Protein chains: 2
Amino acid sequence: MTQYNAPLKDIRFALQDVLGASALFERLPGFESATPDLLDAVLEEAARFAEQVLAPINFSGDQEGCELDKASASVRTPSGFKEAYAQYVEGGWPTLTTPESFGGQGLPETVGAIVKEMIDSANVSWGNFPMLSHGSVEALKAHGEAWQQEAFLKPITEGRWTGTMCLTEPHCGTDLGLLKTRAEPAADGSYRLSGTKIFITAGEHDLTENIVHLVLARLPDAPPGVKGISLFIVPKFKVGKDGQLGERNSLAVGSIEHKMGIKASVTCVMNFDQAEAWLIGAPNKGLMAMFTMMNTARLAVGVQGLGLIERGYQNSRNYALDRLQMRSLSGPKYPDKPADPLIVHPDVRRMLLTQKAFAEGCRVLALYAYMQHDISTHSPDEGERKRGEELVSFLTPIVKGLLTELAQEATYDAVQIFGGHGYIAETGIEQFARDARITTLYEGTTQIQANDLLGRKILQLNGAGLKHFLGEISTFCQEGASNTALGEFIAPLAIVTKEWSELTQEIAKRAQANPEEIGAAAVDYLFYSGYVALAYCWARSVAALADSSATEDFKDAKRHTARFYFTRILPRIHAHGAAIRAGADTLMAMPESQFA
Amino acid sequence: MTQYNAPLKDIRFALQDVLGASALFERLPGFESATPDLLDAVLEEAARFAEQVLAPINFSGDQEGCELDKASASVRTPSGFKEAYAQYVEGGWPTLTTPESFGGQGLPETVGAIVKEMIDSANVSWGNFPMLSHGSVEALKAHGEAWQQEAFLKPITEGRWTGTMCLTEPHCGTDLGLLKTRAEPAADGSYRLSGTKIFITAGEHDLTENIVHLVLARLPDAPPGVKGISLFIVPKFKVGKDGQLGERNSLAVGSIEHKMGIKASVTCVMNFDQAEAWLIGAPNKGLMAMFTMMNTARLAVGVQGLGLIERGYQNSRNYALDRLQMRSLSGPKYPDKPADPLIVHPDVRRMLLTQKAFAEGCRVLALYAYMQHDISTHSPDEGERKRGEELVSFLTPIVKGLLTELAQEATYDAVQIFGGHGYIAETGIEQFARDARITTLYEGTTQIQANDLLGRKILQLNGAGLKHFLGEISTFCQEGASNTALGEFIAPLAIVTKEWSELTQEIAKRAQANPEEIGAAAVDYLFYSGYVALAYCWARSVAALADSSATEDFKDAKRHTARFYFTRILPRIHAHGAAIRAGADTLMAMPESQFA
């Protein structure tokens, strides 16, 4: 059976020593209460919840899955899920980051992200039920009318109800312009919404008394394509303007999907048949409102990747320390035992260090992005807010794309260390690989993230976020230039950052001549950018050791892992750079017919 | 639902145009009958069997899985498996490559490999039932006494019985020196074997009337470790020296594993309790006898990787041609349709070309290795036999390690092209990824292959196989040097081959000072070697176009795919080279305690 121990030491190190979170929160109006002591208390309580409540029902949840009762159109979640959710609500977790003005605790999203990492490490399927609510909260906060906020936002915030995001239809996932669901105005100011949505996470379940669907649909007079999409609230049980729960709305789960993983997270086909719906925001502006939800959700999926990397690392490390098999190449290390533990073998160490370097580096990167988000919403300075917004907007596709892609490699490594035992369900490790597989697909595939990064955030928006980020790295390198302890990291970081910047300009130039160059470079560019960003996170982590109160062992491990990252992982950028420079013709020249 | 169409055009091209198989077989005594016409007939019949009999029960086999009836200790295979096996036997497939002296058709193993690729593309789980028999045949042929060959080999060869390989025990997989199963001599010259073996593929099933287990065990006076292991035949039903089927032997399946994939391939815990067993080969020389089986099995697992790459490619390509989503970056390509097909998007093409380049390149590499095997057994010239043996021995870990690792990436890409639909079981594509995941684990993990390649085949055996291979590439490059059509491939091939050779020498030098350098370099070196080997295969494929009768479209696609491989995949060697040059310290310096 697999274990989970929340990595609180490393979380504190990343949050406080590397990123100086509390120092930041202290000067952001509204976040002053997020002192180190308070954060410690929150993290410890979250760790307890993740370790003791969620982790024990992760394997059983995968084995049991969710079950649809067709007759009643109801979904039974796996054993323990409902009770865990009740504890989650009772513990006040749903209100953690909700502003106090909406009845929440008003903590920074950065803190929510750390709690989320622990939830996702412990039980990523379970984590999907509350995760989608977070998106609804964001959309309602930003675009809901006062009565909608009162009637819907409050119960969601309190966790009494959950939310969903209903975008995808059978014939359109990424391409929302093709969607067909329609909403017609009714006499009372509401709408009647009809259509079929697929891949609806938590579309139906038994955790809460109501479920609030945020649904994209077209008004009768809507222009075609993405400019004719509006956003609606469609509750499972109708809700009066007074907030009173009414009768069942005419919508129901039609079927649930059988998936490769996250089997305890229910994925529904939802049928709406003249369901009572309320418009959120302006007509035909639904896509923008939905993006409010999606950006948060994208960062959150990145955190799912991080959570799974950490979980796989912990378990494969424990196994490598425990399992005796073969002798070290340089002679027995434990001659009194029948064989040496797996961890003496260099390639087992390579796989462990890969996972460790990814987990710890990605943690810094994700938290850094969330801190930019918190700055963008809470800084008293407009310029700083704008800078934060540009940075988080630039980093979102990197965090989503990179962390979920690295989760594939890391969970591969975790399984590989277990050898044949890794392939057996009972061992529990292969579940992490199956669960991780969804993360590069939902909330926009890696391809979508890559095009968002290169096409939109860099080329269309003139690379504002990238410039801030490059500037920050440059300052960091200059400040550390005379620090000999950092030389082995800062020197290569400065070089690859310069190369990254040059490569970006090269692509921009090519793209002017041929827009296909963007798509041809995008995924390799995402990896390239991600690896450089991680190098920066690792260099900062080493730099932070000087003033850290961590143990010498902890510091030593950081240095070794940083060295591993710089010498054995970072050189991958050269392969990605070469692929990009090969240009679009290498992909586009072959006629479609020749693929057959 | 997924499709499968045997890629006969490309198989013929690889076999005849690139590798000149029939020209080789013509001059190898015993293989003269393997004319192009005969091979064509065999391939077409195998394609029909794979497409029409095996492919339709692949998805249902995964859904149903195998079922153990504890009371009778019997295993029910999924619907259609037994009938398909009966057709396989009726069609004479089990005897395809068995020498005529043992009642077989005596065709080259190369031909068997092609048939196997089609079987594995169609239904890799089903393919595991006959696959293990092949190993038993090899071991019995090489080490069995005359009566053993008569009593056991014949029914296995004819497919009336199947074979297994029983190596692994709960506490030892790779490290066979630790095994505990014991065999005591009985009065009649047989032995009584007791112990528990795990991960036994096809250990129990309902396809045949008997199952022959080849089991590693210790004799009472055996020296400790790997030098005290002997190999035994242990049939499910006892077999007299006259070949008569007797009573049930005292062995039984104890349980079956629930696995991530290949769910229709049964994986058994086998309990032996004073079971009647017969020694094969000399006492305490069992490991060597087992290696006879394992080397064939390793190449065969490489072919499983190839089969899955091909299957994933076909299906994701069909989807990419069919599914309409978004518009091309350079403007609509199908303005009359609501959106363009996925294949207009550069990164979808990158993923398709990656799969295509892997499938076609790996096919040439695998068949090349099998041809060396056929040379090693059938050449009339001792020197040529030795050279063939050295080459196949060198290539076996590359074929096993590389093809199975690339199958991970390729099936990842196949799922990714399907987007969210790829994650749904019903679509059928995620099964390929789950099925592929076992291939880097069984028959020796990638780590074992890598150490075998670098530690044994190159450093211990002084790189005989590598030298032949480098020599062959060098000759190829010299011969093509003046061919301008080949310049874009031959020039980089010559460079990377030289770098490969230099890197090998560097590692050899380092390893003299520190044996850990071998393990620290091994997996990256396996990838490095594999990518250079594929570059050679691709360059040869382009060179073969000149005299090929293939269509211009086929030739054009080859050139495009080769160009893609050289410019976008081959540069990965630089990342692997850099990782290797980082040295063992980057992995070994961190104390075990700091991983925690």
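This passage walks through the core, the cavities, two annotated domains and two single residues of the structure.

The structure is a predicted model, in which local features need pLDDT of at least 70 and side-chain atom pairs count only at pLDDT 80 or more, while totals for chains, interfaces and linings use all residues. Residues are numbered from 1 along each chain as its sequence is written, chains are lettered from A and ligands numbered from 1 in the order in which they are written, and side-chain values use heavy atoms, with hydrogens and water left out.

A good place to start is the interior. The largest nonpolar core holds 421 residues, and the members that touch the most others are Met118(A) and Met118(B). Such a core is a set of buried Ala, Val, Leu, Ile, Met, Phe, Trp, Tyr and Cys residues joined through side-chain atoms within 4.5 Å; buried means under 20% relative accessible area, exposed over 50%, and partly exposed in between, with a 1.4 Å probe and protein chains only. Contact is counted when heavy atoms lie within 4.5 Å. Beyond residues up to four places away in sequence, Met118(A) touches Tyr4(A), Ala6(A), Leu8(A), Ile11(A), Leu43(A), Ala46(A), Ala47(A) and Ala50(A).

Two UniProt features, both from an unreviewed entry, can be placed on chain A; their positions follow the numbering used here, their names are shortened, and annotations may be inferred rather than shown by experiment. UniProt lists "domain: Acyl-CoA dehydrogenase/oxidase C-terminal" at residues 284-453 of chain A. This span is 72% helix and 0% strand, and its end C-alpha atoms lie 25 Å apart. Helices (H or I, at least four residues) and strands (E, at least two) are DSSP runs, numbered from the N terminus. UniProt also gives "domain: Acetyl-CoA dehydrogenase-like C-terminal" for residues 469-591 of chain A. Here the chain is 80% helix and 0% strand, with 39 Å between the end C-alpha atoms.

Two residues of chain B complete the picture. Leu193(B) sits in strand β5 (residues 191-201) and is buried, with a relative accessible area of 0%. Outside its neighbours within four places in sequence, its contacts include Val215(B), Phe232(B), Val234(B) and Phe272(B). From Leu193(B) to Glu517(B), 324 residues apart in sequence, the C-alpha distance is 41 Å. Gln505(B), in helix α14 (residues 487-513), counts as exposed because its relative accessibility is 54%. The C-alpha atoms of Gln505(B) and Val392(B) are separated by 21 Å, with these positions 113 residues apart along the chain.
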